[in-house]
Amino acid sequence: MQWRDGAVKWMWVALACAVLAGCAAPRRTPAPVEDRTGARHGAPITQAAPTAAAALPGAENAGKPGYHTVRPGETLLRIALESGQNWRDIVRWNNLENPNVIEVGQVLRVVPPSAGAVAAAPAPVPALPPASAASSVARASATTAAPSAAPLNTPSAGADDDIAWIWPTTGAATVLAGFDEQKNKGVDIAGRAGDPVLAAADGRVVYAGAGLRGYGNLIILKHNNTYLTAYAHNQTLLVKEDQTVRKGQKIAEMGSTDTDRVKLHFEIRRQGKPFYSTRYLPPR
């Protein structure tokens, strides 16, 4: 009996050791799952490298003569004014789908392309945003507007400076603020609300609206390949885009839109650059 009791005793000791060994053994973690789906199709699965940002339209022309790189805060209308061009032409030259959407860094052609690059039948140009609903903008009726059927005679390049300008207002034309290259791109002329605003020379309306900040209800006339004039802060506009106007024709009524008092802000721009306007106007 003694040997049997000893055998049972040693059996329990062996069993206890086996249990303790099992608890102390390290746990095995499951093998990692590997997706071999791609391998079955003959190509391993890889992480695609991020693609580089697409270059902005016209980037290859940056810095070239006749091109403009869009800066923060610029609009197509301002670029057109400062380059002395019709905004509709810039839309066509650059094949812009939406003239209200341009990006900082985008490069735009601001001079006419060569004759061979001009499309035979350009697509219709989309419209810029309409004037603000708060603005008082009127269109002249057929009875008040000058006839626009006659084509505008554009002088040759050598005759572009031969323009006999007149003052764009009637009366004494009191100048409130003169030309200042840094602060005032034209002259500010005093008047009363509703006073007539006159075309300073023959031309064609290339813009009539309120889409240029700081100018209120604005008219821009293109006189030839060199000169534009701008008439700002009007209370009423009496002409529409693409209309031909004649020197002395009433094109607007003076007002105070986007400014602190009734006045006409008048600019003459030569190849888009403003200069001392009253130097070219007759004495009063």
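N61 touches two residues outside its own stretch of chain: setting aside neighbours within four places in sequence, N61 is in contact with Y67 and V107. The residue sits in the loop between α2 (37-40) and β1 (67-69). With a relative accessibility of 14%, N61 counts as buried. The model behind these values is predicted.

## The chain as a whole

The chain has 284 residues, and 35% of them count as buried. Four helices and 13 strands make up its secondary structure. Among contacts between residues at least 6 apart in sequence, 67% join residues at least 24 apart. The accessible surface comes to about 17,300 Å². Carbon and sulfur atoms account for 56% of that surface.

Confidence varies along the chain. The mean pLDDT is 75. A value of 70 or more is reached by 65% of the residues. In two stretches, pLDDT stays under 50: residues 115-123 and residues 130-159. For residues 115-123, the model has three contacts beyond four places in sequence. For residues 130-159, the model has 45 such contacts.

## Two nonpolar cores

The largest nonpolar core holds 27 residues. Within it, W165, I219, L221, Y231, I251 and F266 touch the most other members. Several strands feed this core with at least two residues each: β4 (187-190), β6 (203-209), β7 (217-222), β8 (227-234), β11 (250-253) and β12 (263-270). The top contributor is β12, with three residues. Another core lies apart from this one. That core has 22 residues, including I90, V110, V206 and L212.

## Helix α3 and the cavity

Helix α3 spans residues 76-83. Six of its eight residues are buried, so the helix is largely enclosed by the rest of the structure. The buried ones are L76, L77, I79, A80, L81 and S83. G84 follows the helix, and its phi is positive, near 75 degrees.

The helix also borders an internal space. The structure holds one cavity of 30 Å³ or more. The largest cavity has a volume of about 40 Å³. Its lining is made of L77, A80, L81, Q85, N86, W87, V206, Y207, I220 and L228. Both α3 and β6 supply at least two residues of that lining. The largest share, three residues, comes from α3. V206 has two roles here: it lines the largest cavity and belongs to the core of 22 residues.

## Residues with a positive phi

Most residues other than glycine have a negative phi. N95 departs from this pattern, with a positive phi of about 50 degrees although it is not a glycine. H233 is also a residue other than glycine with a positive phi, near 75 degrees.

Their surroundings can be set out briefly. N95 lies in the loop between α4 (87-93) and β2 (107-109). N95 is exposed, with a relative accessible area of 67%. H233, by contrast, lies in strand β8. At 5% relative accessibility, H233 counts as buried.

## A loop residue after β2

V111 is found in the loop between β2 and β3 (175-177). At 32% relative accessibility, V111 counts as partly exposed. Leaving aside neighbours within four places in sequence, V111 is in contact with G66, Q85 and W93. V111 and W93 are 18 residues apart in sequence. In space, their C-alpha atoms are 8.4 Å apart. Another of these partners, Q85, also appears in the lining of the largest cavity.

## Accessibility side by side

The table gathers the residues described one by one above.

| Residue | Relative accessibility | Class |
|---|---|---|
| N61 | 14% | buried |
| N95 | 67% | exposed |
| V111 | 32% | partly exposed |
| H233 | 5% | buried |

Key. Residues are numbered from 1 along each chain as its sequence is written. This is a predicted model: local features need pLDDT of at least 70, side-chain atom pairs count only at pLDDT 80 or more; totals for chains, interfaces and linings use all residues. Side-chain values use heavy atoms; hydrogens and water are left out. A nonpolar core is a set of buried Ala, Val, Leu, Ile, Met, Phe, Trp, Tyr and Cys residues joined through side-chain atoms within 4.5 Å. Buried means under 20% relative accessible area, exposed over 50%, partly exposed in between (1.4 Å probe, protein chains only). Contact means heavy atoms within 4.5 Å. Accessible areas come from the Shrake-Rupley method with a 1.4 Å probe; for residues, only the protein chains shown count as cover. pLDDT is the predictor's confidence in each residue, from 0 to 100. On a 1 Å grid over the protein atoms alone, a cavity is a set of points where a 1.4 Å probe fits but cannot get out, and a pocket is an open set with protein on both sides within 12 Å along at least five of seven lines; lining residues have an atom within 4 Å of a point. Grid points are joined across faces, edges and corners, and a volume is the space filled by probe spheres set on the points.
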